[in-house]
Amino acid sequence: MGSQLVVAVVGSWSVWPASVAIPVTVLAAATMVTERRRWMWLLSVKRRAD
């Protein structure tokens, strides 16, 4: 699910200074929180039955 977000965070910390990596990390965390409901819906068995 969040493999692209993990790669973005790891890559930002390995390439950019902390002043850029911190906002990337915060944005990735916010995305994980706000998209959780959608991911659960996409993975639900009930949706597949419809």
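In this predicted model, a nonpolar patch on the surface is formed by Trp 13, Ile 22 and Val 26, which together have about 310 Å² of accessible area. One of these residues, Ile 22, is found in helix 2, and its relative accessible area of 46% places Ile 22 in the partly exposed class, because that class lies between the limits of 20% and 50%.

Helix 2 itself comprises the 26 residues from 18 to 43, and the distance from its first C-alpha to its last is 35 Å, a value close to the 38 Å expected at 1.5 Å a residue. The helix is nevertheless bent, by about 50° at Glu 35. Whereas Ile 22 is partly exposed, the buried residues of helix 2 are Ala 21, Ala 28 and Trp 39, and the buried residues of this helix pack against helix 1, which spans residues 3-15.

Glu 35, the residue at which helix 2 bends, also takes part in a salt bridge with Arg 38, in which the closest N and O atoms are 2.5 Å apart. Side chains of opposite charge can pair when their charged atoms come close. Because Arg 38 and Glu 35 are three residues apart in helix 2, they are separated by about one helical turn. An α-helix has 3.6 residues a turn, so residues three or four places apart point the same way. Both partners are classed as partly exposed, with a relative accessibility of 43% for Arg 38 and of 23% for Glu 35. The count of salt bridges in the model comes to one.

Key
Residues numbered from 1 in each chain as written. Predicted model: local features only at pLDDT ≥ 70, side-chain atom pairs only at ≥ 80, totals over all residues. Heavy atoms only, no water. Helix = DSSP H or I, 4+ residues; strand = E, 2+ residues; numbered from the N terminus. Expected span 1.5 Å × (residues − 1). Bend = angle between axes of the 7 residues up to and from the residue. Buried < 20%, exposed > 50% of the residue type's maximum accessible area, 1.4 Å probe, protein only. Contact = heavy atoms within 4.5 Å. Patch = residues over 30% accessible without salt bridge, like charges linked within 9 Å, V, L, I, M, F, W, Y side chains within 5 Å. Areas by Shrake-Rupley, 256 points an atom, 1.4 Å probe, with all protein chains shown as cover. Salt bridge = Lys/Arg side-chain N within 4 Å of Asp/Glu carboxyl O.
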